[in-house]
Amino acid sequence: MAALNLPYEGKASNAVLAQLDDARLLRQLAYINGKWVAGNDDIAVTNPADDHVLGYVTSLKKSQVDKAINAAHKAFVPWRALSAEQRATKLMSWHDLLLENREDLARLMVLEQGKALNDARGEIDYGASFIRWFAEEARRAYGETIPSHIPNAQLATLREPIGVAALITPWNFPNAMITRKAAAALAIGCTVIVKPANETPFSALALAELAERAGIPAGVFNVVTGDAPMIAATLCASDKVKALSFTGSTRVGKILLEQCADTVKKCSMELGGNAPFIVLPDMDIHEAANAAIDAKFQTSGQDCLAANRIFVPREYHDEFVAAFAAGMQKLRVGNGMQKGVDLGPLISRQAVEKAQKLVDDALEKGATLLAGKSPQSLNSNFFHPVLLTQVTPDMAVYREENFCPVAGVIAYDNVDDLLVAANDTEYGLAAYVYGNDIRDIWKLMRGLEFGMVSVNSVKMTGHPIPFGGMKQSGLGREGSRHGFDEYSEIKYYCLGGLPTASGC
Ligand code: ADP
């Protein structure tokens, strides 16, 4: 390969560079005010499938995070002054570049995140779809006129961009969790500072590289890397940052909400999930088992939408478990780059330890284990799929967001008890219902305390839908026409003292 003028050239693994058609997509510095910036230290980024170091990202100093805030603050004025059309044109160039570089972006994602290559390709399409959606929606970010209760006045609302938005994103969907937030914010006229997870910074930095190529002006899209608590605290404390959008654990979400209280920031939070997957008695058990496998094991179960608790009618329990176990046996665990692999590694050794703890706790409390095929000659970041039966509410696997390929089955006797059990969680993100009886389906759909209920379909997300949770699963919605709400203010105006219109 020809010598490349890469930042940190020589520090990125040649094995990584050789896998990219465009090696310049592997950026290792932070992106602030249109410049690639080095901080104090380097943080190694490893491939969870083999623990090899892929490269390094820079760890910024606090003063550099402040610079990013100032740059975004300054860039806000000219960016919001552009017409929606002008911003949309730049966003569509960014969108097109994502799709042109889909293969490289997907490979980078597999290398740092571990998921299967086909899933990574799907995520790039999914990520790009939010950019297109919000570029289009920006031109329809209407206010409203209000029939006046005041004589000789006109009343109306405008939707105004809120200002600088801080976006803190997780490692399980390293591309789409950024675009879903950033596209909404940028399209409506905000500028953004993205703090990606340290496990998966390269996907975020590649997005910055493409934003630069798309002509998104300096300061409008910034990516800061390094110490998460320090960076988050700096962003939350700043008066110049007007909105915070976070996707991650409920634990960290609560810390950030506290930190934002002082400046009364607008906060949107996509936090944990503990999705029930409900099989109704009139459902084809094999079809339900296959759907439950899909809803459980995507991204190796590291998905806030993953089916955590699978509720099955007692009379069909054994049949369901047999069908689920048979389907689970077919799942291939391995390096996400290999063809035919369904489940990649978990993100880290700690994630494996947590998965094992969940299983041990359940077994101690009386669950029965049915394990999938053990992966051969894989490193210790891999965790093979597990099915637990006789799961009860006192087990961590029932209470906590699993975030691993561990499925728990619970038998139920009637739909009313089932509804109480399904809602017996502090979380309220997604729920799945499989069945035919419209009365049961409707009862569940209305009774489930979850922000998203999917009936007879595992696939439920996408750009046009309002993604978000109830209870401790979060605040606000992402995607759909509601996605702008998190990054805009409604300004009401009253234009009084007007002449009476003739004829009125
Ligand atoms: P997960 O359990 O999915 O890893 P986390 O909530 O731990 O979710 O991480 C999501 C994001 O929050 C990441 O970008 C991470 O760097 C950031 N983060 C983790 N811990 C903290 C913290 N104490 N303060 C602020 N941000 C944090």
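A cavity here is a set of grid points where a 1.4 Å probe fits but cannot get out. Keep that in mind as you go round, and remember that this is a predicted model.

**Stop 1: the two domains**

Start by colouring the chain by its domain assignment: domain 1 is 14–271 + 475–489, and domain 2 is 275–455. Put a marker at the C-alpha centre of each, and the two markers will sit 31 Å apart. Where the domains meet, the contact takes 23 residues from domain 1 and 21 residues from domain 2.

**Stop 2: the cavity**

Now look for enclosed space. How many cavities of 30 Å³ or more does a search of the whole structure find? Just one turns up, and the volume of this largest cavity is about 40 Å³.

To see its walls, select Q113, G114, K115, A116, D119, T299, S300, Q302, D342, L343, G344 and P345. Colour that lining by class and you get three nonpolar, six polar and three charged residues. Why does the cavity lie between domain 1 and domain 2? Because both domains give residues to its lining. With the domain colours still on, you can pick out which part each lining residue belongs to.

**Stop 3: N402**

Next, go to the loop between α13 (396–399) and β16 (406–412), and select N402 there. Is N402 buried or exposed? Its relative accessible area is 1%, so N402 is buried, the cut-off being under 20%.

Show the side chain of N402 and check its polar atoms against the backbone. The backbone oxygen of E400 is 2.9 Å from one polar side-chain atom of N402, and the backbone oxygen of V397 is 3.1 Å from a polar atom of that side chain. Then bring up the surroundings: leaving out residues up to four places away in sequence, N402 touches K296, N308, K354, L358, A396 and V397.

**Stop 4: V433**

Last, move to strand β18 (residues 430–434) and click on V433. This valine is at 1% relative accessibility, so V433 counts as buried too.

Which residues does V433 contact, once its neighbours within four places in sequence are set aside? Select I278, L280, I441, L444, L448, V453, S454, V455 and N456 to show them. Finish by drawing a C-alpha to C-alpha distance from V433 to V279: it comes to 6.2 Å, although the two are 154 residues apart in sequence.

Conventions
Residues are numbered from 1 along each chain as its sequence is written. This is a predicted model: local features need pLDDT of at least 70, side-chain atom pairs count only at pLDDT 80 or more; totals for chains, interfaces and linings use all residues. Side-chain values use heavy atoms; hydrogens and water are left out. On a 1 Å grid over the protein atoms alone, a cavity is a set of points where a 1.4 Å probe fits but cannot get out, and a pocket is an open set with protein on both sides within 12 Å along at least five of seven lines; lining residues have an atom within 4 Å of a point. Grid points are joined across faces, edges and corners, and a volume is the space filled by probe spheres set on the points. Ala, Val, Leu, Ile, Met, Phe, Trp, Tyr, Cys and Pro count as nonpolar, Asp, Glu, Lys and Arg as charged, and the others, Gly among them, as polar. Domain bounds come from an automatic or database domain assignment. Helices (H or I, at least four residues) and strands (E, at least two) are DSSP runs, numbered from the N terminus. Buried means under 20% relative accessible area, exposed over 50%, partly exposed in between (1.4 Å probe, protein chains only). A polar contact is a pair of N or O atoms within 3.5 Å; within protein, one must be able to donate a hydrogen and the other to accept it, and residues adjacent in sequence count only if both atoms are side-chain atoms. Contact means heavy atoms within 4.5 Å.
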